[in-house]
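Me: I'd like to go through this one by asking why things get the labels they get. Can you take it step by step with me?

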Amino acid sequence: MIEQVIIRYGEISLKGKNRSDFEQRLLINLRRAVADMPSVRLHKSGGRILAALGGADLEVVERRLTNVFGVISLSPVEVCPLTIDDMTAAAVSILRSEHESRAATFKIEVKRTNKQFPLNSLEVAAEVGGRVLDALENLTVNVHHPDSTIFVEVREDGAYVFGTKLPAVGGLPVGSAGRVGLLLSGGIDSPVAGWLSLKRGAELEAIHFHSFPFTSQRALDKVETLAQILANWAGRVRLHTVHFTDVQTEIRKHCPESLGITIMRRMMVRIAAEIARERKLLALVTGESLGQVASQTLESIRTINAVTNLPILRPLITEDKVDIVKRARHIGTYETSILPYEDCCTIFVPKSPRTRPRVEEAEQAEAGLDVSNLVKEAVRRTTLKTYVAEEFVESALPVV
Amino acid sequence: MAVEVYLDNAATTPVLPAVKQALIEVLDIYGNPSSLHEQGAKAQRVLDQARTQMQRGLGLRTGKIIFTGGGTEANNTAIFGTVARHGRRGHHLVTTAIEHPSVLEAFRALERQGWSVSYVMPQSDGSVEASDILHAVTPETVLVSMMHVNNETGAVLPIEEVADGLSAFPKTLLHVDGIQGFGKVKTNLHSQNIHMYSVSGHKLGAPKGIGALYVRAGLDIHPLLYGGGQEFGLRSGTENIPGIHAFAVAAKLASDEQAEQEKRVFHLRTLLRDRLKHHPRCIVHEPRRVSPYILSVSFRLLKGEVLVHAMEMEGVYVSTGSACSTKGGRVAASHVLQAMHVSEEEITGTLRLSLARWTTEAEVLHAADVILKQVDWLYEVGGIHR
């Protein structure tokens, strides 16, 4: 019977004296992920976390825990009394479930923290290995490239025997790296950029620019769904919805069409930076990818970036579209992102957008705009909603 | 909020107050018409009465009315039911390129099964010539399916001429998708060679989820659904008594006033069209014979979806060229306007305004003002001048 799961976290252990803060954060996030399963108990145990199932469904627990940022791998564990017979029985049952009666190679790897146990690691490995060979016909030993490795840990409270390591999502626990503001459109890229910053431990506040009637209510509904999906990963995501219509019409009225998109992006960054100041966000995050569209050339990025000295993180900057799409599918945002509602923020398709706008040109083109008032007014009319993970929706978290 | 004007009645209509009342009353009649006891009998009486009322609404004394789960199901039943029953008569089918997806996609499915299908193209004004349809028919043609009124342009198709012409092909059956026609334009089925006619409740002030197919007396087709044999064996499943009753009430209200309203609404459409035509950038799609209930106009360079939301800001609800077609994650350009060879730029800026029997002159005039105002605002924001 599998009654325990070992949860490993790699990078956190590198973090010196902050380590216990990280562990505490991870433990909180893990507990949240199984909050609706009260029988599951989690506790720290020598550089890793142990989950005692208490009768909960192993598959469900595995699925939930592998999706918590900071976890690098899981192993379901057979915990047995400290005798060679019991260790052998556990190893045999794991190997049987992995290979049934097909031919395969294995090795036994032993770690002994309980120095009271009469045999040392090598002796335990030899004893258990020998008995496994006797018990299972088609198995042979291969210590260099085994099909299966059975880990036996000899501890104070019993022997922990486990086979496969399930890879998990990795990264750092959400909440361990400060808060960032994600410029979230309804497209494919920005939710992925947000997910990647969650993965590195950031807390997320999304900022969306809504320009009814140029973008639709349904596009906003779509963004709210995306915020919910990110919240399912993060635990909580806040969404700021900026009323952007007036800014857009002012740009159309006062600025040359060829620089419309550049100036629109500059206004978005200014407004986001102002929200960041109010909300104490340490950086902005965008889904930009170099060269993907006209506003994402280096010249263009530089010209847009020039309006703030807040760091702008661009986790997708070197990614190809196909890889971004792959990740979006994996995160579960793709199907929502491709819904066909108007969300591209353009009233008309500009006839000839400048692909390499210079800073001075943009500044000149903005001369007719009352920038500070537009920003102030847009921020004043921004609304805030909070999304919390839907604990009980299994499908909300895809399998990694 | 300003006055609200709903001009998207070809997509769906609100439930009329009289229909709502009838619906509430009939909800107490909960019996299953197949039950032998009095509760069942009561429901059976509601059903019989509704069927008679529908029949009269369609101007018929004979033939079967089969209640379905909506217009799409009625169309599918007609097409697949005919092919299943009479498929041995030939291997050829005829329809038009401007049908609703519930017809067009049914034919595409049959094509994948090996049927040969002719899709008759419209004229540039959106109308379809009877002679073009009849030319496509051969002695091998099992079924001709055509719409009565096109849902995007309002074009009225020559169903009478096609029916007459088909007398030269006694083995070919004719199905008419009458979903935008019934209760709105003159519908005369008993005098013609029309074998099947589909109708839908929610285009006439009844709730969604109820439709009907008329099948001419003596014609036998196969069902899509098998089961308890309700609806003459053509649509098994316990009857949706509230929906059927509501549909019959709505159909009666529509057909009682059909002739006067057609005239009155024609006047409203002309009023609306002329106001909009006044705008130098407005293009009207005007089929030769047109339903007074649908007006299709285009404002070049504007985007349909943005137009819809700009009207919505002022409380006027309209639709883009076609209401419900998305393909592969992108809004697909209207297949109807494409078949008419309307330019891509013009298709993008197309609005469909659809009226109802209860639309008033004041509403139309207000809508025209709002449309012109918002269109001008969008052009101004876009730096395009009248």
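What follows is a run of questions and replies on the labels used for this structure.

Me: What makes this a model to read with the confidence scores in hand?
Reply: It's a predicted model. Chain A averages a pLDDT of 89, with 93% of the residues at 70 or above. Chain B averages 93, and 95% of its residues score at least 70. For the complex, the predictor gives an ipTM of 0.74 and a pTM of 0.81.

Me: Which stretch of chain A has a pLDDT below 50, and how many contacts does it have beyond near neighbours in sequence?
Reply: That's residues 392-400 of chain A, with 22 such contacts in the model. Contact here needs heavy atoms within 4.5 Å. In chain B, the pLDDT is below 50 over residues 323-330, and that stretch has eleven contacts beyond near neighbours in sequence.

Me: Why are β14 and β15 of chain A called edge strands?
Reply: Start with the sheet: six strands, open, in the order β14-β13-β10-β11-β12-β15 (chain A), with mixed pairing. A pair needs at least two bridges between the strands. β14 (312-313) and β15 (383-388) of chain A each pair on one side only, and that earns them the label.

Me: How do you know that β10 and β13 of chain A count as a pair?
Reply: The cut-off is at least two bridges. Three bridges join β10 (residues 179-183) to β13 (residues 283-285) of chain A, and the two run parallel, so they pass that cut-off of at least two. Within this pair, A:Val180 stands opposite A:Ala283.

Me: What makes helix α5 of chain A a helix that packs on the sheet?
Reply: Helix α5 (residues 189-199) touches β10, β11 (203-210) and β13 of chain A. Its direction makes about 170° with that of β10(A).

Me: Why do β9 and β12 of chain B stand at the edges?
Reply: The open sheet there has four strands, ordered β9-β10-β15-β12 (chain B), with antiparallel pairing. β9 (282-285) and β12 (319-320) of chain B each have a single partner strand, so one side of each has no neighbour in the sheet.

Me: How do you know that β10 and β15 of chain B are paired?
Reply: Five bridges join β10 (residues 294-299) to β15 (residues 350-354) of chain B, running antiparallel, so the requirement of at least two is met. B:Leu295 has B:Leu353 as its bridge partner in β15(B). Helix α8 (residues 304-313) of chain B lies across β12 and β15, at about 45° to β15(B).

Me: What makes A:Leu133, A:Val141 and A:Val143 a nonpolar patch?
Reply: Membership needs over 30% relative accessible area, and nonpolar side chains are joined within 5 Å. These three form such a patch on the surface, with about 230 Å² of accessible area together. A:Val143 sits in the loop between β6 (139-141) and β7 (148-155) of chain A.

Me: Why is the bond from A:Phe212 to A:Pro213 called cis?
Reply: Look at omega: it is near 5° for this peptide bond. A:Pro213 is in the loop between β11 and α6 (217-234) of chain A.

Me: What makes B:Glu231 worth a mention?
Reply: Its phi is near 50°, a positive value in a residue other than glycine. B:Glu231 is found in the loop between β8 (211-215) and α7 (241-277) of chain B.

Key
Residues numbered from 1 in each chain as written. Chains lettered and ligands numbered in written order. Predicted model: local features only at pLDDT ≥ 70, side-chain atom pairs only at ≥ 80, totals over all residues. Heavy atoms only, no water. Axes fitted to C-alpha atoms, helices over the stretch in contact; angles between N-to-C directions. Patch = residues over 30% accessible without salt bridge, like charges linked within 9 Å, V, L, I, M, F, W, Y side chains within 5 Å. Areas by Shrake-Rupley, 256 points an atom, 1.4 Å probe, with all protein chains shown as cover. Salt bridge = Lys/Arg side-chain N within 4 Å of Asp/Glu carboxyl O. pLDDT = per-residue confidence, 0-100.
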